[in-house]
Amino acid sequence: MTTLCLACLLFLLGEFIVNHVSFLQKICIPPPVIGGLLFAILVAVLDTFNIIQIKLDASFIQDFFMMVFFTTIGLGASFKLFKIGGKVLMIYFICCAVLAICQNLIGVSLAKLLHIKPLLGLTAGSMSMEGGHGNAAAYGKTLEQSFNIDSAITAALAAATLGLVFGGLIGGPLVKALIKRYNLKPENSDDSFKDYSKVEENKALYQKYKPTKVFFIQLTIIAFCMAVGTFIGDQFSNLTGQSLPMYVGSMFVAVAIRNISEYSNWQIIDLKLNDQIGDVSLGLFLSLALMSIQLTQVYSLALPLVAIVLVQVVFISLFAFFILFRVLGKDYDAAVMAGGFIGHGLGATPNAIAYLVVPIVGAFLIDLAGVPIVMGFMNIFGM
């Protein structure tokens, strides 16, 4: 309980710091990352100088909030979104999947070249680059628990932070360069830059039930997805022998429920409330993950991780400039999406320039491709 209380306080501290430091706002560093990292640095300093050792008990509540967050991601993944984006969304989605494979190949290959474990190189692959801090911490935990890779969470979170910074710095200049080079002009469209990752509350639910009842319904749906998903995940691991993160089953059960309810016209999911629950869960999960990392254990990984991330930055910039921009049509919207591609391909969807396709893929759909890709690499190089 003390650890949870501390995580909440660090979350609020991070919010305060981000709100008062404009640079952190521009590059979209999540508040819990700031608060948790400051605490981790304090713990490392106190430990290094033999002043005091601080140990946290975060395993259960960290896993709980992680599962809640990924379940809310699943409840937000509607297959109807493919129809909204059409052909452009499908091309963008495929490019994101190709990027994930390439990022993992880069991470594993450079790890071997730099004489560190391939799975440690994977922490600077798509799990932290395209996945951001939430996926980095979750997959890092899987690497530590299922593959016995020490310091995987710390390495993945460090890579995610570096990627987030570079993503915020590079996306805008690349868009400007493309627009200037090809003399591009925006087309007249009322919704070209509408952020489709923002959702409204389910008015039908609130007309039928009180707010507390609606909230309880959402918690029940999330708990059901987690319960059934955990059972399915355990059965899958037992039958196949393949390691699967605990949240994967919950996320895919949530995807199924979202789409069944949508096509059956069941008014049971309030997406706005679902997003709020997800945001709170992610914030506390990241606070717990960051404040628990052991910085004293990863000094030797600092240079290899920085080197891998720098190569990732160069690769995604070239990919966006020479490939993505062209396959999307070489117009103004393609240039904007190329910048957004770098934003969420190196850090997080809020780091991307919001265009119809970018938030849909970055916020919801990319995990549907990312999970099997990352787990495939884990199981191949973890054998």
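A residue counts as buried when its relative accessible area is under 20%. Keep that cut-off in mind for helix 7, residues 132–147. Of its 16 residues, 13 are buried, so the helix is largely enclosed by the rest of the structure. The model shown here is a predicted one.

Start with the overall picture. The protein has 15 helices and 0 strands. It has 383 residues, and 53% of them count as buried. Look next at the contacts with a sequence separation of 6 or more: residues 24 or more positions apart account for 80% of them. The exposed surface comes to about 17,500 Å². Carbon and sulfur atoms supply 66% of that area.

Now back to helix 7. Its length can be checked. At 1.5 Å a residue, its 16 residues should span 22 Å; the end C-alpha atoms lie 21 Å apart, so the two values agree. Just after the helix comes asparagine 148, with a positive phi near 55°.

Helix 7 also carries one partner of a salt bridge. Lysine 141 pairs with aspartate 63, and their closest N and O atoms are 3.5 Å apart. This pair links distant parts of the chain, with lysine 141 in helix 7, aspartate 63 in helix 4, and their positions 78 residues apart. Are the two partners buried or exposed? Lysine 141 has 10% relative accessibility, so it counts as buried. Aspartate 63 stands at 15%, and therefore counts as buried too.

The count of salt bridges in the protein comes to 2. Glutamate 262 and arginine 258 also meet in a salt bridge, at 3.0 Å from N to O. Both sit in helix 11, 4 residues apart, which means about one helical turn separates them. Arginine 258 is buried, because its relative accessible area is 8%. Glutamate 262 reaches 23%, so it counts as partly exposed.

Stay with glutamate 262. What does it touch beyond residues up to four places away in sequence? The answer is Ser78 and Lys80. With serine 78 there is a polar contact, side chain to side chain, at 2.4 Å. Lysine 80 is 182 residues away in sequence, yet the two C-alpha atoms are 8.9 Å apart in space.

Lysine 80 shares its number with the start of helix 5, which covers residues 80–113. Further along that helix is asparagine 104. Its relative accessible area is 0%, so asparagine 104 is buried. Its side chain reaches the backbone nitrogen of serine 126 at 3.0 Å. Leaving out residues up to four places away in sequence, asparagine 104 touches Leu122, Gly125, Ser126, Met127, Ile373, Val374 and Phe377.

Helix 14 gives another buried element. It runs over residues 332–346. All 15 of its 15 residues are buried. The length check works here as well: at 1.5 Å a residue, 15 residues should span 21 Å, and the end C-alpha atoms are 22 Å apart, which agrees.

Turn to the surface. A nonpolar patch of about 840 Å² is formed by Leu13, Phe16, Leu38, Ile41, Val45, Phe49, Ile51, Ile52 and Ile54. Which helices each supply at least two of its residues? They are helix 1 (2–20) and helix 3 (31–48). Helix 3 gives the largest share, 3 residues. Phenylalanine 49 lies in the loop between helix 3 and helix 4 (59–75). A residue is exposed at over 50% relative accessible area. Phenylalanine 49 has 62% relative accessibility, so it counts as exposed.

Two loop asparagines complete the tour. Asparagine 183 is in the loop between helix 8 (152–182) and helix 9 (203–208). It is not a glycine, yet its phi is positive, about 50°. Its relative accessible area is 57%, so asparagine 183 is exposed. Asparagine 265 sits in the loop between helix 11 (246–263) and helix 12 (271–292). Its phi is also positive, about 60°, although asparagine 265 is not a glycine. With a relative accessible area of 57%, asparagine 265 is therefore exposed.

Notes. Residues are numbered from 1 along each chain as its sequence is written. This is a predicted model: local features need pLDDT of at least 70, side-chain atom pairs count only at pLDDT 80 or more; totals for chains, interfaces and linings use all residues. Side-chain values use heavy atoms; hydrogens and water are left out. The expected span of a helix is 1.5 Å times one less than its number of residues. Buried means under 20% relative accessible area, exposed over 50%, partly exposed in between (1.4 Å probe, protein chains only). Patches are made of residues with over 30% relative accessible area and no salt bridge: like charges are joined within 9 Å, nonpolar side chains (Val, Leu, Ile, Met, Phe, Trp, Tyr) within 5 Å. Accessible areas come from the Shrake-Rupley method with a 1.4 Å probe; for residues, only the protein chains shown count as cover. A salt bridge is a side-chain nitrogen of Lys or Arg within 4 Å of a carboxyl oxygen of Asp or Glu. A polar contact is a pair of N or O atoms within 3.5 Å; within protein, one must be able to donate a hydrogen and the other to accept it, and residues adjacent in sequence count only if both atoms are side-chain atoms. Contact means heavy atoms within 4.5 Å.
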